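Good morning, and thank you for coming. I would ask you to keep the sequence and the structure in view while I speak.

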Amino acid sequence: MNIEEIKKYKNHISITFIFGIPFLIGIYIACFFHQPPAFQRIIYGSEKFAFWYQIGELIFIYLMLCYAYFLNNYKKLLTVIWAVFIYIPGILNVVSVYVTGFSLYSGFVSTILSANNQEIVFTFLHYFFFILINIFVIFLAFRITRKISSNNNEYGIYFFVIFIVTFAGNKFMPFHAISGSFCDYFNDLKELENYKKQSFENIKSNFNFKKQTYVLVIGESVDKKHMQIYGYDRETTPYFKKIENELFIFKNVRTTHVLTNDAVKSMLQFVDKNGNKSTLIHFFKNAGFKTFWFSNQGQNHFFDNVLKRFGMLCDCHIFINKTDFRNMIYQKYFDEELLKYLQYALNDSADKKLIILHLIGSHFPLDLRYPKTFEKFSLPKFYKNKTKARAVCKYDNSILYTDYVLNNIINILKENDSASSLLYLSDHGQDIYDREDCELTSRKTIHAYEIPFIVWVSESYRKENSNFIINWNLNANFITDNTAYSIIDLARMECDNLDLSRSVFAITN
């Protein structure tokens, strides 16, 4: 393009640039400062203003990219910029909305970064056609770029059409969401380090039994309406059914998040009366407990993640399900493998113990979550789609196997001489194929939030705390971001600057 042609566009470019100054400032702050509160209040103080701000920002970005196409020969480079900063973030945003019902946020980014190779392969196969179509679009963009370059098409009209299509398929500026999510993700990891500096004073115990053991079992992707003990018409929890009179089954518990990292993080953190954040693990350590973390998920060696960091806060931590991308190693175990580590913790000489077991539970791919001996359920007749029908059977088999594992944990605790309790809950629920139009990977309905919450206590615990237990309200409406308060309350401890009225065991109406 010659000088005269450039002059022809000079006024247009100048006007566009002046129009885009506030959006350039917004992009810069979002990418490097993650929108400080003052700027955020200006932009998002009004929902209508925020909407038009984001629309204007997108128009400005597209105009600038199109002008860049018109005025130079680096079209392939600009195609890469388009793919990396606009198209791919937009696609990730679409997937996030589809799976969780929300636009991109740090939990989704953390889930992507902490995925192991098995999860990546399963996701690729599940979304094969979706991924294939998007690869084709990017390939088409590069082909059009080549055509524009060879024909010297100075207006880049073909690429402008691709921009418009991208604009229609994206929700405002997903790149902002990704940049902000990365900031949140690394801040989450950094935040845990600060908790180590905190200490708790005046921790009092209302339970003077010498040996105490509290076991928290975190399940995975459990839809409680597929549990017999919650009224399901299949025998998916036969072991729990046999000891139902020993269990406290809370009926109205909901998780705060539908992604594992965020859900577990919210369960294990709490805020004191002074507004200071801390973790359940730090509190128990300060109270003189030895802490253990045994997990069948949560660690890889490519990206760090919040669950790994939580586990490493404990005095003893073991991750049996490991993915090492550098050496291409993936080790898979069934959840019953954790039983020997539970026994190891119980044999430890410490009198007071907090043991956290993190199951792989009903995480996809479902047929890898239980031994062949637990393939109990046959094909349901009420589904037209046999693929969905088989998925329901596999899911129910995984629930059956989890019931078996939990029953074994309780039997091991019964043989132990300490006063003990078990609290089992799932990180989040799951949308199972209970309707023909339901997708297994979607977590947008209420079933993704409603989770099982079951407590078992030993005879010695029950006798010493009968007045405490009698007041438990099994119909209490409870949100799992108060789980840490509940476990502290279950351990019969209290602290001056801790509000235990948020415990599920303190809700009496």
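**Arg492, Phe468 and the interior**

I begin with a charge and a ring: the charged end of Arg492 sits over the ring of Phe468, at 3.9 Å from the ring centre. Please bear in mind throughout that this is a predicted model.

Where does Arg492 lie? Arg492 is found in the loop between helix 19 and strand 16, the latter being residues 493-494. Its relative accessible area is 15%. The threshold for calling a residue buried is under 20%, so Arg492, at 15%, counts as buried. The backbone of Arg492 also deserves attention, for its phi is positive, about 65 degrees, although Arg492 is not a glycine. For context, most residues other than glycine have a negative phi.

Phe468, the ring partner of this charge, is buried as well, with a relative accessible area of 13%.

Let me turn to the aromatic residues. A search of the whole structure finds 23 aromatic pairs. In one of them, the rings of Tyr214 and Phe289 have centres 5.9 Å apart and planes at 50 degrees, so this pair is classed as tilted. Tyr214 belongs to strand 2, whereas Phe289 belongs to the loop between helix 13 (280-286) and strand 7; the two residues are 75 apart, and the pair thus links distant parts of the chain. Buried or exposed? Both Tyr214 and Phe289 are buried.

Phe468 and Trp472 form another aromatic pair, and this one is edge-to-face, with 5.5 Å from centre to centre and 90 degrees between the planes. Trp472 has 9% relative accessibility and counts as buried. Both Phe468 and Trp472 belong to one aromatic cluster, whose other members are Phe248, Phe250, Phe453, Phe478 and Phe505.

Trp472 leads us to the nonpolar interior. Which residues touch the most other members of the largest nonpolar core? They are Phe284 and Trp472, in a core of 52 residues. Helix 19, residues 483-490, supplies the largest share of this core, namely five residues. A second core, separate from that one, has 45 residues and includes Val222, Phe294, Ala345 and Phe374.

Phe284 has a set of contacts that repays inspection on the screen. Setting aside neighbours within four places in sequence, Phe284 is in contact with Tyr214 and Phe289, the two rings of the tilted pair. The contacts of Phe284 also include Thr291, Leu354, Ile487, Ile488, Ala491 and Met493.

Two of those contacts, Thr291 and Leu354, bring us to the strands. Thr291 stands opposite Leu354, which is in strand 12. Strand 7, residues 290-295, and strand 12, residues 352-358, pair in the parallel sense over six bridges. Strand 7 also pairs with strand 9, residues 316-319, again in the parallel sense, over four bridges. Which residue is the bridge partner of Trp293 in strand 9? The partner is His317. Five of the six residues of strand 7 are buried, so this strand is largely enclosed by the rest of the structure.

Just before strand 12, in the loop that follows helix 15 (338-346), lies Asp348. Asp348 has a relative accessible area of 18% and is therefore buried. The side chain of Asp348 reaches the backbone nitrogen of Ala350 at 2.9 Å. Beyond residues up to four places away in sequence, Asp348 touches Lys290, Phe292 and Lys353.

I close with strand 2 and the loop after it. Val215 lies in strand 2, residues 212-219, and is buried, with a relative accessible area of 3%. What does Val215 contact, leaving aside neighbours within four places in sequence? The list comprises Leu342, Ile355, Leu357, Leu413, Ser421, Leu422 and Leu423. Val215 and Val455 are 240 residues apart in sequence, yet their C-alpha atoms are 10.0 Å apart in space.

Finally, Ser221 occupies the loop between strand 2 and helix 11 (238-242). Ser221 has a positive phi, near 55 degrees, and is a residue other than glycine. With a relative accessible area of 1%, Ser221 is buried. A positive phi outside glycine was also described for Arg492, where this talk began. Thank you for your attention.

Key: Residues numbered from 1 in each chain as written. Predicted model: local features only at pLDDT ≥ 70, side-chain atom pairs only at ≥ 80, totals over all residues. Heavy atoms only, no water. Buried < 20%, exposed > 50% of the residue type's maximum accessible area, 1.4 Å probe, protein only. Pairing = 2+ DSSP bridges. Contact = heavy atoms within 4.5 Å. Polar contact = N/O pair within 3.5 Å; in protein donor to acceptor, adjacent residues only side chain to side chain. Core = buried A, V, L, I, M, F, W, Y, C linked by side-chain atoms within 4.5 Å. Phe/Tyr/Trp six-rings, centres within 6.5 Å; stacked < 30°, edge-to-face > 60°. Lys NZ or Arg CZ within 6 Å of the ring centre and 35° of its normal.
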